[in-house]
Amino acid sequence: MFAAPLFLAIGAWLERYLPNAKTDLDRILAQGPSVRVAIACVAALSAPLVEEVVYRGVIFGGLQRSLGVRPTVVLVSLLFLAVHVPQYWGGWAGLTMLALLSLTLTVLRAATGSILPSVVLHYAFNGIQAIAIVFFWELLETSPPTTP
């Protein structure tokens, strides 16, 4: 549970040093409070379970049998990241942080043999982000992007 705030802190730190333009997700969230609540609910309630079952459950389980653990960790981490690239394109701090999160979730799966720790971390991470999107959007939006 302590890892989720740590990842978010790393993401905030990365935003100070990596180019960060407005993303498609930023533009969608800027459409208004009802859109932010809907996105936050999907991100906090369903995405962690669905994504963990698919990536760290089904895909990881199938690839591990044929490729072994290390190549599977790398491939599953990259697949998870690749799915998120379109919505975060231009937000290099966010993409870097997602790459780190993806690798951590996949290593947790490999180390424990279970998706449960990955599900818990993913729920905590997305839950904190959902709270920020719903309750602190105006504060987040006052931070200018680091690229024009």
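**Close-ups of helices α3, α4 and α5**

**View 1. E52 and the residues around it.** Not counting neighbours within four places in sequence, E52 touches A47, G57, L105, I115, S118, V119 and H122. Everything here comes from a predicted model, so keep that in mind as you look around. E52 itself sits in helix α3. Is E52 buried or exposed? It counts as buried, because its relative accessibility is 0% and the cut-off for buried is under 20%.

**View 2. Helix α3 has a kink in it.** Look for A47 again: α3 kinks there by about 50°, shortly before the proline P48. Now check the ends of the helix. α3 has 35 residues, and a straight helix of that kind would reach 51 Å at 1.5 Å a residue, but the end C-alpha atoms of α3 are only 45 Å apart. Both A47 and P48 are on the list of buried residues in α3, and so are R36, A40, A44, E51, E52, Y55, R56, F60 and G61. Just past the end of α3 you'll meet G68, with a positive phi of about 95°.

**View 3. Helix α4, end to end.** How far apart should the ends of α4 be? With 20 residues (69–88) at 1.5 Å a residue, the helix should span 28 Å, and its end C-alpha atoms are indeed 28 Å apart, so the two agree. There's still a bend of about 25° at A82, with a proline, P86, following within four residues. After α4 comes G90, and its phi is positive too, near 100°.

**View 4. The buried side of the story for α4.** Which residues of α4 are buried? They are T72, V73, V76, S77, F80, L81, H84 and Y88. Try counting the steps along that list. An α-helix has 3.6 residues a turn, so residues three or four places apart point the same way. The cover over the buried residues of α4 includes α2 (24–29), α3 (33–67), α5 (92–112) and α6 (116–135).

**View 5. Where α4 meets α5.** The axes of these two helices come within 9 Å and cross at roughly 145°, and the crossing is right-handed. On the α4 side, the residues that meet α5 are V69, T72, V73, V76, S77, F80, L81, H84, V85 and Y88. Their partners in α5 are L95, L98, A99, S102, L103, T106, V107 and A110. Sorted by class, this contact has 13 nonpolar residues, 5 polar ones and no charged ones.

Technical notes
Residues numbered from 1 in each chain as written. Predicted model: local features only at pLDDT ≥ 70, side-chain atom pairs only at ≥ 80, totals over all residues. Heavy atoms only, no water. Expected span 1.5 Å × (residues − 1). Bend = angle between axes of the 7 residues up to and from the residue. Buried < 20%, exposed > 50% of the residue type's maximum accessible area, 1.4 Å probe, protein only. Contact = heavy atoms within 4.5 Å. Axes fitted to C-alpha atoms, helices over the stretch in contact; angles between N-to-C directions. Left-handed = near helix turned anticlockwise from the far one by under 90°. Nonpolar A, V, L, I, M, F, W, Y, C, P; charged D, E, K, R; others polar.
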